[in-house]
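Thanks for coming. I have a few slides on one structure, so please look at the display while I talk.

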Amino acid sequence: MTLCATCKNIDFRPLLTACLQQCRDRQEANGEDYDAPLPSDNSSRVKHYGDIFEIEKSSGDCNFCKVIFQAFEKRKVADAEEARGLPIVFRALSNKIEVCYDTKEGLIKLCGLDVYMNEVDVNEFFQICKIKEDNSPPILKTIEKDPRSKASLAIASGWLRDCLKNHDSCKPPTEFQKPPKRLINVGNETQNPFLVEISPGSQQLEWLSLSYCWGGEPSMKLTTDTMNMLRNGISLNKFDPTIRDAILVTRALEITYIWIDALCIIQDHNAKDWNEQASHMNEIYGGSTVTLVVASSNSVMDGFLKKRELQYLPILWYSNPAGDSTGIKPPASVFFSPEWDKNEDELNGPWSNRGWTMQEGLLPSRLLHYTSSQMIWKCGEEQRFERGKTKSLQDEVAKILTYSDDISFGSGWLWRLDTFMKFKRFPDYLPRSLDYPLLSEPETFHLWYDLIEEYTQRRFKDISDRLIAISGLAKIFGNTIRSHEYVAGLWKPDLIRGLMWHTNGAKLIPRQSEDNMRALNNTFPSWSWASVGYEVVQNSQKNNNNFQALSLVEDVQVDLFNQHDLFGAVKSGSVTITGPLKKAPRLYNKEWKSAEASISKFERHLSEIVENESLGDVEHRYSFPPGGHFAVLQMLGDIQSLDLLVLEATGEVSKGINVYRRVGVLTLWYFHKGSIASPDVIAMFKEFETSRTARLGPQEKKQTELNGSNDIVMELRREPWKTETVIIF
């Protein structure tokens, strides 16, 4: 790897020593905020080039300079001349190495650099310095280029063995420890994999469940025609690449069986076996020893044990003739790499976009993810990354406790965790007393709204599976909160708030993008979030535990395909609600911008929102509703907001009650003078926005301002609202 003379002469030992010391100080602080920068030590700065333009000249021949200049280009600074004449220096800050501009105002970060060593050297450094591997280690572990290598597979095996030995909380629940109807025996180097029929009542079986994307039809599936062939065993090289790789990993983990949907559920047109097995996903995934997640492959034909693209830059490590006072011997190799993109630690690949994988990733107690860049381990106690980073539940809770020592129900500490850990720790968050009125507490349903927000943007081959594919999670959630009043993706005890869902970026009117399938699929009631397209569905009131319900749910009717499966597919559904209602002849008046038009403040506000949220021209029906009118129903209120449910009349009447379809929601905010930031605070933020630090930093989108609607609320309060009962289909 080519380095210029300047980079060759840099001694990075003081920087790394400072990083190790900062990490030890942070860990010894017992829970001090890991994200808060420690004081910078000016002595641990190393000068580089005179400015970024000198680095640009050197980047043609020096790979290290090239990495730094690429980081500068990635920032898309509005005026590059702003950086001319600003010396470039390295510093140690918050146990990481940063590349900075040296300005009169102080150091401004340009980019970060990660330090890598092999696992043996990293462990020795950490042991001597008395630090542990955590969520922000000063040195990372080099990743094997080939994930098929024994060293790489040994890492995964070590994670599993450690969890089995030390994490009692990760043991699958007893009720889930029921082996599937069929499994694949993975065989070994001398024995081919083969299908096994598991007799009812079998116990003490360990299996790995596979979660992956089909991306088309697998070439090998279980059918009545292939069953005998699979029972007799099939050569490993005849399986599709993803299946073949999964079998190799299962063998390396020393697990005898693997469950694969395409090979363990009969795939003939007769859906009897599929329906039977689909209702047991809680046991199949929840009872597995570990679930293998193929996170980055689009198709079963892709495989996942592929060589990785690594960018390690070796640096020179100078030995100290006088001896190193730290007692650390020189490592075999030291590498720098561009600061790891945090998105690489998130599961943003094809697997995360598939609807069925949501519960496949939350039901198991242990998950082994294969991404294009690394392996990631998840269990109920920790999350571990192949590059040498560990996020433990204990450390996360300790971090939360730096803000408050309250971890009781309602304190909100659980919502700071990632989705997997929230779902696993939710039972511990709830009050243990069976007499506690869980269903009357808004906090009880917060987790469900989080799950829906993550779930709704996921895709399906058959959109009618949308509620079925989350039914396993719904069953567990219902059992946990001791409620079976589940209605088309919502919970009846919190239905007034539950109905206030909206799509991201379009609260009032549904998106009419190419992915919107409301017109194509009438399976789901309009009041269920399942009725909209592949949009992020949010509930802005999920954090509000102090609202007042202004309407009352009188009745909910849901027609199920299977009356014995409360959490399964629905044919139709209706909600009957009584509350303060106001009818409106239209939602959109094209004259709303005209000062001369005789329009109320509320109608102008509605028209503005409809126009802003429409993708292109406003639909004709918002001005001339086919059913004759629209209506707004008061649903929730608190000291700062009024939440309205917007409905469209169908023109039908049932038993003297008007029938509506849900359109969207509208939140009107009103503020007291004391809640508005002072002019000094506003001026301080504006000054920062124009500072050199902001100009040289990454260009970010400005956040949308929250505007008050005091005049509109006062207008609505002066007008009469009729208490009326409505039916929403």
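R482 is partly exposed, because its relative accessibility is 35% and the partly exposed class lies between 20% and 50%. This is a predicted model, so please keep that in mind throughout. R482 is located in the loop between α16 and β17, the latter being residues 486–487. Its phi is near 60°, a positive value in a residue other than glycine. For background, most residues other than glycine have a negative phi.

K130 is another such case: phi is positive, about 60°, and K130 is not a glycine. Where does K130 lie? K130 sits in the loop between α5 and β5, with β5 at 140–141. Is K130 buried or exposed? At 69% relative accessibility, K130 counts as exposed.

Next, the helix that comes before that loop. Helix α5 covers residues 119–129, and helix α2 covers residues 13–28. The axes of α2 and α5 come within 10 Å and cross at roughly 55°. That angle is why α2 is called oblique to α5. The crossing of α2 past α5 is right-handed. Which residues meet there? From α2 there are L16, L20 and R24, and from α5 there are F125, F126 and C129. Sorted by class, this contact has 5 nonpolar residues, no polar ones and 1 charged one. As for the spacing of such residues, an α-helix has 3.6 residues a turn, so residues three or four places apart point the same way.

Now the sheet. It is an open sheet of 9 strands with mixed pairing. The strand order is β7-β6-β9-β8-β10-β13-β14-β15-β16. Its edge strands are β7, at 194–197, and β16, at 389–392, and each of them pairs on one side only. From one strand to the next, the twist averages 25°.

Inside that order, take β8 and β10. β8 is residues 207–211 and β10 is residues 290–294; they pair in the parallel sense over 4 bridges. L208 has V290 in β10 as its bridge partner.

Three of the sheet strands come up again with helix α14. How many of the 11 residues of α14, residues 419–429, are buried? The count is 8, so α14 is largely enclosed by the rest of the structure. The buried residues of α14 are T419, F420, M421, K422, F423, R425, F426 and Y429. What covers them? The cover includes the strands β13 (366–370), β14 (375–379) and β15 (382–385). It also includes the helices α13 (393–400), α15 (446–455) and α16 (471–481).

W159 is my next stop. W159 is in helix α6, which is residues 150–166. Its relative accessible area is 7%, so W159 is buried. Leaving out residues up to four places away in sequence, W159 touches L368, M375, I376, W377, R384, F385 and E386. There is also a long-range pair here: W159 and C379 are 220 residues apart in sequence, while their C-alpha atoms are 9.8 Å apart in space.

On to β24, β25 and β26. Strand β24 is residues 630–637 and strand β25 is residues 641–654; the two run antiparallel and are joined by 7 bridges. How many residues lie between β24 and β25 in their hairpin? There are 3 residues between them. F630 stands opposite E648 in β25.

E648 also has a partner on β26. Strand β26 is residues 657–669, and β25 pairs with β26 in the antiparallel sense over 11 bridges. The bridge partner of E648 in β26 is R661. The hairpin of β25 and β26 has 2 residues between the strands, and there K655 takes a positive phi near 55°.

The last residue is H605. H605 belongs to helix α18, residues 601–613. H605 is buried, because its relative accessible area is 19% and the cut-off is under 20%. Not counting residues up to four places away in sequence, H605 touches L666, L668, S709 and I712.

That is the end of my slides. I can go back to any of them.

Conventions:
Residues numbered from 1 in each chain as written. Predicted model: local features only at pLDDT ≥ 70, side-chain atom pairs only at ≥ 80, totals over all residues. Heavy atoms only, no water. Axes fitted to C-alpha atoms, helices over the stretch in contact; angles between N-to-C directions. Parallel < 35°, antiparallel > 145°, perpendicular 65-115°, else oblique. Left-handed = near helix turned anticlockwise from the far one by under 90°. Contact = heavy atoms within 4.5 Å. Nonpolar A, V, L, I, M, F, W, Y, C, P; charged D, E, K, R; others polar. Pairing = 2+ DSSP bridges. Buried < 20%, exposed > 50% of the residue type's maximum accessible area, 1.4 Å probe, protein only.
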